[in-house]
Amino acid sequence: MGNKPDILKVILEHKKLEVEACRTKVSEEALAEMAKADRQRRYFMQSLSQPGPFGANIIAEVKRASPSKGIIREGLDPAVQAQAYEKGGAAAMSVLTDNKFFQGSNDDLKAARAACSLPVIRKDFIVSLYQIYEAAVMGADAILLITRTLTVEFMQRALALCKELGLDALVEVHSEEELDQAGAAGAKLVGVNNRDLKTFVTDIETTIRLHKRMTADQVAVCESGIKDRADIQRVMDAGVFNFLIGETLVRSDDPAATIRELTGAA
Ligand SMILES: O=C(O)c1ccccc1NCC(=O)[C@H](O)[C@H](O)COP(=O)(O)O
C-alpha cells in the first residue's frame, strides 16, 4: 500500500493554476476596482460575537461533496438549503465555492446569499489576494484563511485587504503552532478545524484544547465533525459557542429541524 497523497497539497496546486487562469480573463487591477463597488454588507463576525438565543450559534454549510466523504447530497439546491438554514435559526452560512474537490461554485454562493438574509463566508482555498477581491465581487461577507497553507506575512496582508474591502476573515487552525501563527497575523475570529486534513480523522477535543490557548480578544469557532447536540454541549461546556457544521445538515432531510435540535431550540 502506498502513502495517502497530501490532499491539501493537491488542492493548493490546482487552486494556483485556477487563479492564474482567471487572471488571464480579468486582471487583478480590474477585479480590485469592481470590489470597491457598494455592497449590502452583512456582518459575519458580529453574528458570532455573542452566544445566540439558545446558546450555540450555527454557521450552516452548503457542501455538495468533499474529498473525505465524496458526494454528500446529490442535487443539492443552495437556495432551498439557505432558506431552511435561516428558518432553523442559523447565525450565518458557509458556502463551498471550490468546484474540483467540493463541486461548489461562485454561483452557489450567490444563489444561497440571495435566498436569505444570513451573512455568508466564501469557503475556498485562498492562495492569492486575487481571490479576496473575487469574494467581495461575488457578494461574500467573509473569507476563510487556512493557517497551515499560508505564511504569517501573507495572512497579515490578507487581513488588511479584508478590512479595506469590508470583509471578515475566519482564520483556521488545527494545532498550537498554527494558533500562535494566526495570533501573530492578528486573527480575531479563529476557527479550530477538528478534522486533521492529512488523515481526515475528526476529534472535537481539538477545539477544547486550543480554545484554552486563545486570547480574550479572539472569538472561537468549532469546525467539522459535529454530529449531535451532545457534541455541541460538550464544546459549549468548555466555553465555545460557535459551530461550523456541514455534513450533518446537508445529509438531513429537514435541516431547519436539525439546526433547532443542535442549538437546543427544539
Ligand atoms: O471535508 C473535507 O473532506 C475536507 C478536505 C480537505 C480540506 C477541507 C475539507 N473540509 C472543509 C471543511 O472545513 C468542512 O467542510 C467544514 O468544517 C464542515 O465540516 P463537517 O461538518 O464535518 O462537514
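Two residues are in contact if their C-beta atoms, placed from the backbone, lie within 7 Å. By that criterion V171, in this predicted model, is in contact with L145, T147, M155, A182, A187, L189, V190 and G191, once its neighbours within four places in sequence are left aside.

V171 also belongs to the largest nonpolar core, which has 73 residues. Together with I58, M93, I143, L145, A169 and V190, V171 is among the residues that touch the most other members of this core. Strand β6, residues 142-146, gives the most to the core, with five residues. In soluble globular proteins, nonpolar side chains tend to be buried together.

As for the chain as a whole, UniProt lists residues 9-262 in an unreviewed entry as "domain: Indole-3-glycerol phosphate synthase". Over residues 9-262 the chain is 43% helix and 17% strand. The C-alpha atoms at the two ends of this stretch are 33 Å apart.

Helix α9, residues 229-237, has a buried side and a face turned away from it. D231, I232 and V235 are buried in this helix. These residues lie on the same side of α9 because they cover an arc of only 95° around the axis. The cover over the buried residues of α9 includes helix α8 (205-211), strands β9 (219-223) and β10, and helix α11 (255-263). On the face turned away from the buried side are the exposed residues A230 and D237. Just after α9, G239 takes a positive phi of about 100°.

Strand β10, part of the cover over α9, also takes part in the surroundings of the ligand. Both β10 (242-245) and helix α10 (247-251) supply at least two residues each to the shell around the ligand. There are 18 residues around the ligand, and S66, S68, S224, G246 and E247 come nearest. By type, the shell divides into seven nonpolar, seven polar and four charged residues.

A last stop is E86, in helix α3, residues 78-88. Is E86 buried or exposed, or something in between? A residue is buried if 20 or more other C-beta atoms lie within 10 Å of its own, and exposed if 12 or fewer do. E86 has 17 other C-beta atoms within 10 Å and is therefore partly exposed. Not counting residues up to four places away in sequence, E86 touches C116, S117 and L118. F44 is 42 residues from E86 in sequence, and the two are 14 Å apart in space, C-alpha to C-alpha.

Definitions and conventions. Residues are numbered from 1 along each chain as its sequence is written. This is a predicted model: local features need pLDDT of at least 70, side-chain atom pairs count only at pLDDT 80 or more; totals for chains, interfaces and linings use all residues. A residue is near a molecule or strand if its C-beta atom, placed from the backbone, lies within 6 Å of it. Helices (H or I, at least four residues) and strands (E, at least two) are DSSP runs, numbered from the N terminus. Ala, Val, Leu, Ile, Met, Phe, Trp, Tyr, Cys and Pro count as nonpolar, Asp, Glu, Lys and Arg as charged, and the others, Gly among them, as polar. UniProt positions are given in the numbering used here, feature names are shortened, and annotations may be inferred rather than shown by experiment. The arc is that of the directions from the helix axis to the C-beta atoms. A nonpolar core is a set of buried Ala, Val, Leu, Ile, Met, Phe, Trp, Tyr and Cys residues joined through C-beta atoms within 7 Å.
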